[in-house]
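Work through the exercises below with the sequence and the 3D view side by side, and try each task before reading its solution.

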Amino acid sequence: MTGAGAREAVEDRVFAALANTTRREVLRLLRDGGPQPVQALADHFDMRRPSLSEHLKVLRDAGLVSEERSGRQRIYRLEAAPLAEVQDWLHPYERFWRERMKGLGELLDRMPGDDAP
């Protein structure tokens with residue numbers, strides 16, 4: 001796969017990983033609580049551990065988490081670098097909406113006010 005094609009494939013995996021509520025919650029837990037073993041993460045969800053392991057695999061494949069073995073435990077750590085690429089992709093849309101809101105604010109400022117008590 002070429003450089004651009006490989007990059008697009010990584011971006012697709014990141015967006016697909018972020019599309020799921022459980023996976024976003026795992027990322028939040030790792031962001032707020034730092035590296036954690038699988039069981040500590042699993043305690044936050046009403047699902048069987050193999051189901052959570054599937055979510056963790058998707059996050060690993062997207063480069064959003066890394067796994068380290070410590071004895072019999074697997075410790076997961078947030079890897080935020082791919083999120084910077086998402087931010088870069090979203091930035092033009094953020095600018096678009098900021099400009100729209102500014103225009104709406106200017107329009108509302110020009111409208112006659114409701115002076116009723």
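**Exercise 1: A chain of charged side chains**

In this predicted model, R74 makes a salt bridge with E67, and their closest N and O atoms lie 3.3 Å apart. Find which other residue forms a salt bridge with E67, and decide how exposed the residues involved are.

Solution. Begin at E67, which also forms a salt bridge with R60, where the closest N and O atoms are 3.5 Å apart. Next, take the relative accessible areas, which are 29% for E67, 30% for R60 and 33% for R74. Because buried means under 20% and exposed means over 50%, E67 counts as partly exposed, as does R60, and R74 is likewise partly exposed.

**Exercise 2: The length of a helix**

Check whether the end-to-end distance of helix 5 (residues 81–110) agrees with its number of residues, and then locate its kink.

Solution. Helix 5 has 30 residues, and the expected span is 1.5 Å times one less than that number, so the helix should span 44 Å. The C-alpha atoms at its ends are 43 Å apart, which agrees with the expected span. Following the helix along, you meet a kink of about 40 degrees at L90, shortly before the proline P92.

**Exercise 3: A pair within helix 5**

Explain how E94 and R98 are placed relative to each other along helix 5.

Solution. E94 and R98 are four residues apart in helix 5, and therefore about one helical turn separates them. The two form a salt bridge, with the closest N and O atoms 3.4 Å apart.

Technical notes: Residues are numbered from 1 along each chain as its sequence is written. This is a predicted model: local features need pLDDT of at least 70, side-chain atom pairs count only at pLDDT 80 or more; totals for chains, interfaces and linings use all residues. Side-chain values use heavy atoms; hydrogens and water are left out. Helices (H or I, at least four residues) and strands (E, at least two) are DSSP runs, numbered from the N terminus. The bend at a residue is the angle between axes fitted to the seven residues ending there and the seven starting there. A salt bridge is a side-chain nitrogen of Lys or Arg within 4 Å of a carboxyl oxygen of Asp or Glu. Buried means under 20% relative accessible area, exposed over 50%, partly exposed in between (1.4 Å probe, protein chains only).
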